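Work through the exercises below with the sequence and the structure at hand. Each task is followed by a solution in steps.

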Amino acid sequence: MFDVSYEHFTSRKHTGNVFGGMLALMKRIEAIIKPARLDELQDRLRRAGAQGITVSEVRGFGRTGGKRDAYLGLAHIADFNPKVRIQMMIDDDMVQPIVEAIQAAACTGETGDGKIFVSHVVDAIRIRTGEHGHDAL
Ligand SMILES: Nc1ncnc2c1ncn2[C@@H]1O[C@H](COP(=O)(O)OP(=O)(O)OP(=O)(O)O)[C@@H](O)[C@H]1O
Ligand SMILES: [Mg+2]
């Protein structure tokens, strides 16, 4: 059912060994942003050519903590703040425009604006058709 042959991974647009070819194809973007920035982000991602997006409501804190580290006088105990997490699997050549779109939409200049994480994607499969990799995005 799954095509994991050498030819499958090396017939793609990037050349190189099997491992390098696979890793060069797609990236996973995970961004944590302020919920109030989601509408603007959706607009910008559409305009940047995003094909698919998964959004979840999450809670978290970063280095600067939640609302108030000093609340109750307890230093270093942070509150969880509501955030929105965006996940996207994209072609390598989309990383720059997508990251720029996210940063432009999500940056208020205040603490808690969030982060963008970029990681390698080994493969993707469209369940309906069995397509792999780039074709499955
Ligand atoms: N290292 C991390 N790993 C996982 N999630 C993180 C990490 N850093 C931040 N986050 C997520 O991003 C959200 C926003 O983080 P935030 O922007 O406050 O980071 P920060 O490091 O405190 O930077 P700033 O100084 O701009 O506030 C957090 O609530 C959390 O959900
Ligand atoms: Mg912070």
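**Exercise 1: two helices**

Helix 3 and helix 4 cross in a right-handed sense. The model is a predicted one.

Task: Work out how helix 3 is oriented relative to helix 4, and list the residues through which they meet.

Solution.
- Step 1. Take the axes: those of helix 3 and helix 4 approach to within 9 Å and cross at roughly 155°.
- Step 2. Compare the angle with the cut-off: over 145 degrees counts as roughly antiparallel, so helix 3 is roughly antiparallel to helix 4.
- Step 3. Look at the contact. Helix 3 contributes Glu40, Leu41, Arg44, Leu45 and Ala48, which meet Pro97, Ile98, Ala101, Ile102, Ala104 and Ala105 of helix 4.

**Exercise 2: the order of elements**

Task: State how many helices and strands the protein chain has, and give the order in which they follow one another.

Solution.
- Step 1. Count: the protein chain holds four helices and four strands.
- Step 2. Read from the N terminus: the order is α-α-β-α-β-β-α-β.
- Step 3. Turn to contacts along the chain. Of those between residues at least 6 apart in sequence, 71% join residues at least 24 apart.

**Exercise 3: confidence**

Task: Find which element has the lowest mean pLDDT and which the highest, and locate a stretch where pLDDT stays under 50.

Solution.
- Step 1. Start with the whole protein chain: its mean pLDDT is 83, with 73% of residues at 70 or more.
- Step 2. Go element by element. The lowest mean, 48, belongs to helix 1 (residues 6-10), and the highest, 98, to strand 1 (residues 26-33).
- Step 3. Scan for the weak stretch: over residues 10-23 pLDDT remains under 50, and the model has 21 contacts beyond four places in sequence for them.
- Step 4. Draw the consequence: predicted coordinates should not be read in detail where pLDDT is low.

**Exercise 4: the nonpolar cores**

Task: Describe the largest nonpolar core and name the elements that give two or more residues to this core.

Solution.
- Step 1. The largest nonpolar core has 15 residues; those touching the most other members are Ile33, Leu41, Leu45, Ile86, Met88, Ile98 and Ile102.
- Step 2. Two or more residues each come from strand 1, helix 3 (38-48), strand 3 (81-91) and helix 4 (95-106).
- Step 3. Helix 4 supplies the largest share, six residues.
- Step 4. A second core, separate from this one, has six residues, among them Val121, Ala124, Ala136 and Leu137.
- Step 5. Return to a member of the largest core. Beyond four places in sequence, Ile86 touches Ile29, Glu30, Ala31, Ile33, Leu38, Leu41, Ile53, Thr54 and Val55.

**Exercise 5: three residues, three accessibilities**

Task: Decide whether Met88, Pro82 and Asp92 are buried, partly exposed or exposed.

Solution.
- Step 1. Recall the cut-offs: under 20% relative accessible area is buried, over 50% exposed, and the range in between partly exposed.
- Step 2. Met88, in strand 3, has a relative accessible area of 0% and is therefore buried. Beyond four places in sequence, Met88 touches Lys27, Arg28, Ile29, Leu45, Ala50, Gly52, Ile53 and Ile98. From Met88 to Gly52 the C-alpha distance is 6.4 Å, across 36 residues of sequence.
- Step 3. Pro82 also lies in strand 3, but its 53% relative accessibility makes it exposed. Neighbours within four places aside, Pro82 is in contact with Pro35, Val58 and Arg59.
- Step 4. Asp92 sits in the loop between strand 3 and helix 4. The relative accessibility of Asp92 is 22%, so Asp92 counts as partly exposed. Its C-alpha atom is 9.8 Å from that of His134, 42 residues away along the chain.
- Step 5. Set this against the whole: 31% of the 137 residues of the protein chain count as buried.

How values were computed. Residues are numbered from 1 along each chain as its sequence is written. Chains are lettered from A and ligands numbered from 1 in the order in which they are written. This is a predicted model: local features need pLDDT of at least 70, side-chain atom pairs count only at pLDDT 80 or more; totals for chains, interfaces and linings use all residues. Side-chain values use heavy atoms; hydrogens and water are left out. pLDDT is the predictor's confidence in each residue, from 0 to 100. Contact means heavy atoms within 4.5 Å. A nonpolar core is a set of buried Ala, Val, Leu, Ile, Met, Phe, Trp, Tyr and Cys residues joined through side-chain atoms within 4.5 Å. Buried means under 20% relative accessible area, exposed over 50%, partly exposed in between (1.4 Å probe, protein chains only). Axes are lines fitted to C-alpha atoms, for helices over the stretch in contact, and angles run from 0 to 180 degrees between N-to-C directions. Angles under 35 degrees count as roughly parallel, over 145 as roughly antiparallel, 65 to 115 as roughly perpendicular and the rest as oblique. A crossing is left-handed if the near helix is turned anticlockwise from the far one by less than a right angle, and right-handed if clockwise.
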